[in-house]
Amino acid sequence: MMNLKTENHIFILLLAFFLCAGCSESKQKSFVEDGNYSVTAGFDTIQPGVTYGELRPVSYYSTTTEDERRAHLILPPKYDENRKYPVLYLLHGIGGNEYEWLGGNPVEVTGNLIAAGKAKEMIVVIPNIRARHKDVQTPPEFFSVEHFREFDNFLNDLRDDLMPYIESTYPVLSGRDNRAVAGLSMRGRSALHVGINLIDEFAWIGALTPAVGLLPYPTEEGLFTPETLTLPDKYRKKHADHDPERKCGRSGGALA
């Protein structure tokens, strides 16, 4: 399990990567290139003169799990239902749920980034990505393929249930350029699983140290092969100025 300080640092790196990239007046900066992982003191605490957004619990019916499922939203400061916002789906790890990221003070982090002009106003969605069917009576073993598949099933829940709920209930911008999905470890695996399979829906994918299982290994067949763990040529060309191959890392044509 991550300690609170590490979780906060990871959270701000994820947000900075996407949301500064989404600001037309900002230039992307590669953390890989300069090795600078430092953050501003107090980035995750309430600062004088800064207005913060609202943390809102929500529930939606999932046809994937045939049950009510929960999530948390972070609405931007001075949220206005007459405006439309980009969306970040922020995913939790193998031992977490829709509460896990709340220990990283995400309301304070996003509010401080927005106030500093380092992020656009946005809606952050923090779902439960363990998409377990309601008929499962006994949870599978923690480090089992059956458990991992419940996380993989989140792709169906997101596509068929959560995204339609968010987009029909909240004022969000349409189009892939206005959607991001991010996480680390198991959530990094899930971010790539979602982002690559739904590449027409997501322009921004953040996968920090993704868990095993993206490619085949002795315990799992793998979600991708070295040939399929990549981006379509049309999107690689579109974002050539951002140099995604260098930022994501590539090996033999696959995202590494």
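Modeller: In this predicted model, two strands count as paired if DSSP finds at least two bridges between them.

Colleague: What makes E3 and E4 a pair?

Modeller: Strand E3 (residues 87-90) is joined to strand E4 (residues 123-127) by 3 bridges; at least two are needed, so the two strands pair. They run parallel. For leucine 88, the bridge partner in E4 is valine 124.

Colleague: Which helix packs on the sheet by touching E1, E2 and E4?

Modeller: Helix H3 (residues 106-115) touches E1, strand E2 (67-75) and E4, and its direction makes about 40 degrees with that of E2. H5 also packs on the sheet, in contact with E1, E2, E3, E4 and E5. The direction of H5 makes about 120 degrees with that of E1.

Colleague: Why are E1 and E6 called edge strands?

Modeller: The open sheet has 6 strands in the order E1-E2-E4-E3-E5-E6, with mixed pairing. Strand E1 (54-62) and E6 each pair on one side only, and pairing takes at least two bridges, so they are the edges.

Colleague: How do you know that E5 and E6 pair?

Modeller: There are 5 bridges between strand E5 (residues 179-184) and strand E6 (residues 204-208), against a minimum of two, so they pair. The strands run parallel. Alanine 182 has glycine 206 as its bridge partner in E6. From E5 the chain passes through H6 to E6, a right-handed β-α-β crossover.

Colleague: Why is H4 called largely enclosed?

Modeller: Of the 8 residues of helix H4 (residues 145-152), 6 are buried, so the rest of the structure largely encloses this helix. Buried here means under 20% relative accessible area. Among these residues are His147, Phe148 and Phe151. The buried residues of H4 pack against H5 and helix H6 (186-197).

Notes. Residues are numbered from 1 along each chain as its sequence is written. This is a predicted model: local features need pLDDT of at least 70, side-chain atom pairs count only at pLDDT 80 or more; totals for chains, interfaces and linings use all residues. Side-chain values use heavy atoms; hydrogens and water are left out. Buried means under 20% relative accessible area, exposed over 50%, partly exposed in between (1.4 Å probe, protein chains only). Helices (H or I, at least four residues) and strands (E, at least two) are DSSP runs, numbered from the N terminus. Contact means heavy atoms within 4.5 Å. A crossover is right-handed if, with the strands pointing away from the viewer, the path from the first strand over the helix to the second runs clockwise. Axes are lines fitted to C-alpha atoms, for helices over the stretch in contact, and angles run from 0 to 180 degrees between N-to-C directions.
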